[in-house]
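This report looks at a structure step by step, moving from a single side chain to the strand that holds it and then to a metal site. Please keep the sequence and the 3D view at hand while reading.

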Amino acid sequence: MKTVKLKNSNKEIPIGKIVCVGRNYVEHIKELGNEQHEKPVIFLKTTSSVIYSGDKIIYPSFSNDMHHETELVLLIGAAVNKATETEAQKAIEGYGVGLDMTLRDVQNELKKKGHPWTIAKCFDTSTVLSDFISSEDYKLNLTETITLKVNGEIRQNDQLSKMIFNPTQIVEYISSLMTLEPGDLIFTGTPKGVSKVNRGDKLEAEIEGITKLTCEVK
Ligand code: MG
């Protein structure tokens, strides 16, 4: 069973579903030539794809274009359905940083056919998680910077304030479509700067003042 570790506590929380938001930063929408929608784009990832800081990302044989997408990840701590703003805020139990590794070549083929993105998003090791900080211990104000370095070079670096939909709005919206339960994770979308990784690359993702992760591509 895959779990999330909360810093400053012995708690290990079993992961439920992993809900992801696509296209939540304007400049990232532009860099991939996508259209901006009024509602967030929503898709799911699998718990079997989860690995942790220090683990290795395995390049699948069916892709030659794996990209990093660095994202703020929300940990849900309460069951919510059709949450109000206050309920949505309260339902966020913690924050982490994650990598939504994406097979861009596979995803582009799937998009052309109008097929779901599952094959591009759910391969083993495609979801990398840091430890999480409790929302009781840390108040997120969205002025924090999210950063990804590849082999020490900065590739992604933006303030969380650039999100089109903020964490509360995301929880409100998703809970209007499906019940969120304790242990569910929400990937909130990636800022600009996504790019291809190669075997041997060392990735370091961080949300300033909160948490970080490192891993290597194999
Ligand atoms: Mg993503």
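## A polar contact at Glu93

The side chains of Glu93 and Lys11 are joined by a polar contact of 3.2 Å, a value that, like every other one here, comes from a predicted model. Glu93 has its place in strand S9, and a good way to learn about its surroundings is to ask which residues it touches beyond its close neighbours in sequence. With neighbours within four places set aside, Glu93 is in contact with Leu6, Lys11 and Ile13, with Leu75, Ile76 and Gly77, and also with Ile133, Ser134 and Ser135.

One of these contacts can be followed along the chain: Glu93 and Ile133 are 40 residues apart in sequence, while 8.5 Å separates their C-alpha atoms.

## Strand S9 and its partners

Strand S9 covers residues 92-100, and eight of its nine residues are buried, so that the strand is mostly covered. With which strands does S9 pair in the antiparallel sense? One partner is S8, which is joined to S9 by seven antiparallel bridges, and in this pairing Thr70 stands opposite Leu99 of S9.

Strand S11, made of residues 127-129, is also antiparallel to S9 and pairs with it over three bridges; here Leu99 stands opposite Val128 of S11. Strand S12, residues 133-134, runs antiparallel to S9 as well and is joined to it by two bridges, with Ile133 of S12 serving as the bridge partner of Tyr95. Ile133 has already appeared above, among the residues in contact with Glu93.

## The magnesium site

Which residues supply the protein donors of the magnesium ion? They are Glu69 and Glu71, each through OE, and Asp100 through OD, and these donors lie 2.0 to 2.1 Å from the ion. Along the chain, the donors follow the spacing E-x1-E-x28-D. Glu69 lies in the loop between strand S7 (66-67) and strand S8 (70-76), whereas Asp100 belongs to strand S9, so the pair ties together parts that are 31 residues apart in sequence.

Are Glu69 and Asp100 buried or exposed? A residue counts as buried when its relative accessible area is under 20%. Glu69 has a relative accessible area of 5% and is therefore buried, and Asp100, at 1% relative accessibility, is likewise counted as buried.

Methods
Residues are numbered from 1 along each chain as its sequence is written. This is a predicted model: local features need pLDDT of at least 70, side-chain atom pairs count only at pLDDT 80 or more; totals for chains, interfaces and linings use all residues. Side-chain values use heavy atoms; hydrogens and water are left out. Donors are N, O and S atoms within 2.8 Å of the metal (3.2 Å for Na, K and Ca); water is not among the atoms, so sites may look incomplete. Helices (H or I, at least four residues) and strands (E, at least two) are DSSP runs, numbered from the N terminus. Buried means under 20% relative accessible area, exposed over 50%, partly exposed in between (1.4 Å probe, protein chains only). Two strands pair if DSSP finds at least two bridges between them. Contact means heavy atoms within 4.5 Å. A polar contact is a pair of N or O atoms within 3.5 Å; within protein, one must be able to donate a hydrogen and the other to accept it, and residues adjacent in sequence count only if both atoms are side-chain atoms.
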